[in-house]
Amino acid sequence: MATPPTGTEAGFRLRSIAVPAYGPTVVAAVGAGATLPVVALTALELGASPSVAALTAGAALVAELFFAVPAGAMVHRIGERRALLSAGAVDAVASAVALLAPNVVVLFAAVFAMGFTSSMFLVARQAYLIDAVPYSMRARAMSTLGGVNRIGLFVGPFVGAPVIAAWGAQAAFGVAVVSGLAASLLVWRAPDITAHHEEAQRAQAQTSTRRLLWAHRRTYATLGLGILVIGAARSARVVLVPLWAAHVGLSASATAVIFGVTGGIEMLLFYPAGSVMDRFGRFWVAVPCAVLLGVGALLLPLTHTAYTVLGASLLAAVGNGLGSGIVMTLGADTAPNVGRSQFLGGWRFMSVIGGSGAPLLISAVTAQVGLAAACVGIGSLTLLGTGWLGYWVRRFEPGRGDAGAR
């Protein structure tokens, strides 16, 4: 169980650390948001087939799965500040390579490298906030981190649009070059609040990442499986909604509007979600989040018009918005003081593996018995997993009897 962070509660305000804590994240997310819509298009322009273009577009997610644990180990080894500086620099270089990529192989490698920087950023920022923020405001801090990341991803395409209109789809990677350098600059100018904690850790006995993950295997096998459910449900929603919209005959523009409206709802809920977690407990966000995501998937096959698809999507979006920061908060609550970043890398892996597995499950079920069955299957599995999640959130929540039994 982590001891209280170095932040003090008296008079503390999140805005006092807004720029160093959230500035680099939102700036980096703008670059990522600018490139997300154009990765597949760029691959097609470079001569890739549609299947190879789709694989290239998913390279960053595969990289996040592959690099989650190594990113935690690297943050532990070199420190949060240096890790963030390195991540911003690597992101800028990888984006520059993608900008100038002469073929799809080079583009794939660049996009894969950008997935590594994403893992590094989230693990390092999470570790930073554990130190910087008092426990009584931890959930609000984590949900705000998730919220500003979503804001950056939302704004990114609008920043990239005029660049794309002027110089083509591949030029959007130029926005990511600038954002990576700007994120590194913000980190470099900010005070290194985690230096004291890292110095104290170096004075204690160290252990390998493999041993640390094994020592906390019970946490990963219980609460970790619960957050895997959330990761899978979130990822499934992004796949199911556009597929079902196309299935019922909605245009691409109508689907885009649905995504825009639901994205706006999610951004409005991140801070209230953190407040509920801080005031009433993690359970009261984790369970409603999973239930609404599951019910939204179950209702999707019953929709046949733009308005009904929007209604089901909004229900899931409310759940997803309520869950802003829940995975990071639970990770922060259960992270040990020694080897914290290593643990958080493993925690990130559990979340990403759920997100990576859901599209594969949807593809397999759809191929065998149809898209409606995939919606029902994902919704049912999410609701079944909610019971497991709720039980273990209660057991591991700070202040409850089993919280320290790890």
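## Salt bridges, cores and confidence

Reader: How many salt bridges turn up in the whole structure?
Author: A search through all of this predicted model finds eight salt bridges.

Reader: What kind of contact do D333 and R138 make, and at what N to O distance?
Author: Their side chains meet in a salt bridge, with 2.8 Å from N to O. Because D333 belongs to helix 16 (residues 326–334) and R138 to helix 7 (residues 138–167), the pair ties together parts that lie 195 residues apart in sequence.

Reader: And are D333 and R138 buried or exposed?
Author: Both D333 and R138 are buried.

Reader: Which residues are linked with that pair in a network?
Author: The network of salt bridges links R138, R140, D278, R282 and D333. Within it, the side chains of R282 and D278 meet in a salt bridge of 3.7 Å, N to O, and both R282 and D278 are buried.

Reader: What about E266, which residue is its salt-bridge partner?
Author: E266 forms a salt bridge with R237, and the closest N and O atoms of the two are 2.7 Å apart. The pair links distant parts of the chain, 29 residues apart, with E266 in helix 13 (residues 252–280) and R237 in helix 12 (residues 223–247). Both E266 and R237 are buried.

Reader: Switching to the nonpolar side: which members of the largest core touch the most other members?
Author: That core has 62 residues, and the members touching the most others are Y22, L129, V133, I326 and W347. Helix 6 (residues 104–132) supplies the largest share of this core, namely ten residues. Apart from it lies another core of 19 residues, which includes W244, I258, A312 and A374.

Reader: Back to W347, what does it touch further along the sequence?
Author: Leaving aside residues up to four places away in sequence, W347 touches T219, Y220, L223, G224, I227, V327, L330, G331 and T334.

Reader: Before I set anything up on this, what's the average pLDDT?
Author: The protein averages a pLDDT of 85, and 91% of the residues score at least 70. Among its elements, helix 14 (residues 283–299) has the highest mean pLDDT, 95, while helix 9 (residues 195–202) has the lowest, 61.

Reader: Where does pLDDT stay under 50?
Author: One such stretch is residues 1–7, for which the model has 24 contacts beyond four places in sequence. Another is residues 401–406, with 14 contacts of that kind. Where pLDDT is low, the predicted coordinates should not be read in detail.

Methods:
Residues numbered from 1 in each chain as written. Predicted model: local features only at pLDDT ≥ 70, side-chain atom pairs only at ≥ 80, totals over all residues. Heavy atoms only, no water. Core = buried A, V, L, I, M, F, W, Y, C linked by side-chain atoms within 4.5 Å. Buried < 20%, exposed > 50% of the residue type's maximum accessible area, 1.4 Å probe, protein only. Helix = DSSP H or I, 4+ residues; strand = E, 2+ residues; numbered from the N terminus. Contact = heavy atoms within 4.5 Å. Salt bridge = Lys/Arg side-chain N within 4 Å of Asp/Glu carboxyl O. pLDDT = per-residue confidence, 0-100.
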